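Ready for a few exercises on a protein model? Have a look at the chain, then try each task before you read its solution.

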Amino acid sequence: MNRLLPLSFFLSLALSSFGQEKLIHGTITSSEDKSALPGVTVVVKGTSKGTVTDLNGNYKIQVVGQENVLLFSSIGFISQEVTINNKEQINIVLEVDTKELAEVVVTGYRTGDKRLLTESVGVVKTDAIKDLPIATIDGALQGQTTGVQVIQNSGTPGGGMSVRIRGTTSISGSGQPLYVIDGIPVTTGDYAQVGYEGQGINSLADLNPNEIESFSILKDAAAAAIYGARGSNGVVLITTKRGKSGASVISFNTYYGFQQPWKQLDMLNSHQWMAYRNDLTNSTIFTEADMAKDTTNTNWQDAIFRTAPIASYDLSVNGGDEKTKFFASGSYFSQTGIIIGSDYQRANARLNVDHKVNSKLSLGTSIGLTYSKTNRIEGDQSLHGPHPNRISTPNIYPVYNPDGSYNQAGPYSNAVSIANEATNENFTYRTLGNVFAEYQIIPGLSITTKWAVDFYNLREHAFEYNTVQGAKYNGLGFETYTNVLNLVSNNILKYEKVINDHNFDFLLGYSFEKKQTRNIYIRGQDYASADLEYLNSASTFVSPTASALDQGIRSFFGKANYNYANKYLLGFSARMDASTNFGSNNKNGFFPSVSAAWRLSEEDFIKNNLPSITQLKLRASYGLLGNDNIPPFQYASLYGTGTYNSSPAIYPNNMPNPNLNWETTAQADIGVDVSLHDRFTIGVDIYNKLTKDLLLSRPLPPTTGFSSIVENIGEMENKGIEVSLGVQQNIGPVKWTSNLNVSANRNKVLKLYNDQPIDDLGRGSNRVMVGQPIGIFYSYQSLGVNPSTGDIVYLDKNFDKSITTDDRTIIGNPQPKFVGGFTNGFSYKNFDLNVFFQFSYGNDVFNGSRLYLESLQGGDNQTTAVLRRWMQPGDITDVPRATNDAVKAGENKRVSSRFIEDGSYLRLKNLALGYNVSRDLIRKLHINSLRFYVSAQNLLTFTNYSGLDPEVNYSGNSTRVVGTDFFTFPQARAVTLGANLKF
């Protein structure tokens, strides 16, 4: 019996040890940059027990008795097995697996491996745009990814761009995507109250492209549905740079260069214009002696165009340790316009901080500050703009009189006097900041709250005195103030769980936004002096106004993802939005989506038989998206103010519609992603978007007292295909990367009120009609010049021997057949070369400038095209006669197919050559890296378009008035020298 006691004691001790629980914890970092790795799977070998690391790379896991081996794995890293033994803390450094290197992509409220995405998401890294002298963040997207069409409406410094993701989905609302910076939707659009058509103010220009780490473009419904009511136009997620643990790194990036117009119009010289005027009047206004002795021959284009500098200076520092990481930057950008009187300046500062309080709580903040100043000039829809006036003024008129004063004898106000003497200044002050906290409740379960504010202040100051327009009003001034304050709160609960090969993650969230807009507008006239330009010096005030607008949106949203063995992927998301833009009958909108993917490359029959295929994934998705970016409060009774019998009064100014509903887009997407040898990539997406309940005006009987009421009436579809090709290849010592993306979208209007077209839109007679793309050109078909009379012959569609509005027909389509970009990068030893082409094919442009410059009537200067005008019976030409017959001249310059041109172009958007200085040369200066480069933007443009620039739209971001050039500020060609320095 006594001999059994020791045996019993050791047996019980062993059993006790076998069943004892132990908590293992640690931190997992990357071997590449020593940064913490979130989302790493930690599994007890031989069991289903597992967890994942949090955002700070930390994990905790319980083990029992003989469970003595942990498996650490993450896509893009080499897996590790570690024996526990008696250790309680196990810190792991995972080595990067170059064969399985993952690309982390930011999507709605989460990040993930691009290979495991079930949605269609385009990604643009800042490396792709680092040598581009771009002023705005939307310009960085042009030609960089499929499904995104970016149109630079004009060359105005700091001006706006039109961005369309998979086509246009609204007729009355906005076509611009939702922009989200560091998880916060931001204020976008043109808030200018002094309107210059396409020369609008772009609030996105306040944001510094140098602060951005990456763009994620959410294109299909599965990706964008998490943003619900504002997702139908697509979503652009912008992630700013953040600090990394390790030694602090100071970076200085700068460039300086010059811009010039890449093209000028061929205009009549003085002699040619005098001969033309004689022909026009059928008389001798100018004799041969007059023509011979005139030596003025002013080149008005040279008088207004200039070589303009562009510069950028950006200083940043990032670093930190395991507890605190930071990124701080300051920058200054200056762009002088190629047309005198225009320029743009911007100063930015940013501070991003992430702090780990303890193993459970993390805090952080992102703060961005901006100040900008813009000098604008009138253009487009104006007869008082430097650009239209200088083109239209004949060369016989000098810029200055002999006494040095401006010569105002021409048909329009002197262009140089407007540019030099008119003041059109705009000042913006912007604060975009957020604070956030994340708390890990238990392993895998965390809660995050983020509060943000976007404050946008715009002041416009305009004054004219020593100009024709200023003299007309004895001095004319404007002062406007616009304040936009948007308060945002996002609150999110996340849960991640791993059970063997089963991976789950769930997300639930609540958010709200409160937006306040305040406007003041004052116009003053009758000033005593040119030196007194502010409103307190005006003697007369005209139509001063002030307004206030409060809006808001409240949302509940959720997302669930399931992943089996990184092979079978399934995703669900849904969002419910309540918006103040809709009445109580339809205030709430529900926007669900579902997506799935199958990674065939993970199947044994692919691995064993086709090892060269490193990625083969099929994707499919379907969901609903909304658009609440419409004029506010159309559901309610709105009132205007005025006077009645000399007393203040109010009056109703709309017919309310409490049943207004959301514009809703249903989108289906099928895609495939292929990678061969990790060197060749192919991506294809096919999609179908159907938008219903488009908001349109329905006519009302006059007896109602109103002309129309807004209702959900229209339908429209967008169908398309997107193809991307990528290559990474070493050719001897040369490393070559190439990316080609091509997108084709087909837009069609399916339904309008009683199928009645929306007609005569803009100067190019754009039209919205059933069965056709939005914004087609609809007017008269020119058949050419009658050799007998010299007049234009138009198609008599109904054969009634009279040209009337019934003879109008489709004469052009501003929507391109396809758009895209082609980038090639080469590196050899210390040299690198980047070549980026951007293109648009199949779109028409209405050259509205030719309505005046080839009018063959009046006193305007004309292009040299009129030298081939009809002169006598029998002449065969495409240019009609010059005539003073007002009726015939008006008929000859009708808006017609005569002025429709092919707007296709291929543009060498950027060519950059760089040299990295050898580290052996800079090591003594304690410099980590130094690179110099030279870059040329818009170096070459191949196009048949006769205007100054085929990439143009005088009406800015309009969804209906598109593809029209009317004396629009052209883009510039720029050459810059730059340097990238790191300490």
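Three exercises with worked solutions follow.

This is a predicted model, in which local features need pLDDT of at least 70, side-chain atom pairs count only at pLDDT 80 or more, and totals for chains, interfaces and linings use all residues. Residues are numbered from 1 along each chain as its sequence is written, and side-chain values use heavy atoms, with hydrogens and water left out.

**Exercise 1: salt bridges**

Task: Find the partner of E722 in a salt bridge and say which parts of the chain the pair ties together.

Solution:
1. Start with the rule: a salt bridge is a side-chain nitrogen of Lys or Arg within 4 Å of a carboxyl oxygen of Asp or Glu. The count by this rule comes to 41 salt bridges.
2. The partner of E722 is R166, with 2.7 Å between the closest N and O atoms.
3. Strand β34 (residues 708-731) holds E722, while R166 sits in the loop between β12 (161-165) and β13 (178-181), so the pair ties together parts that are 556 residues apart in sequence. Strands here are DSSP runs (E, at least two residues), numbered from the N terminus.
4. Both E722 and R166 are buried, where buried means under 20% relative accessible area, exposed over 50%, and partly exposed in between (1.4 Å probe, protein chains only).
5. Now widen the view: E722 and R166 belong to a network of salt bridges that also links K219, K617, R619, D669, D673 and D685.

**Exercise 2: a second pair**

Task: Locate the side chains of R430 and D454 and decide whether each residue is buried or exposed.

Solution:
1. R430 and D454 meet in a salt bridge at 2.8 Å, N to O.
2. R430 is in strand β22 (residues 423-442) and D454 in strand β23 (residues 445-464), 24 residues apart.
3. The relative accessible area is 3% for R430, so R430 is buried. D454 is buried too, at 1%.

**Exercise 3: a four-stranded sheet**

Task: Work out the strand order of the open sheet that contains β2 and β5, and name its edge strands.

Solution:
1. The order is β3-β2-β5-β6, with antiparallel pairing; two strands pair if DSSP finds at least two bridges between them.
2. β3 (50-52) and β6 (80-83) each pair on one side only, which makes them the edge strands.
3. On average, neighbouring strands of this sheet are turned by 20 degrees against each other, direction ignored. For such angles, axes are lines fitted to C-alpha atoms, for helices over the stretch in contact, and angles run from 0 to 180 degrees between N-to-C directions.
4. Between β2 (residues 41-44) and β5 (residues 69-73) there are four bridges, and T41 stands opposite S73 in β5.
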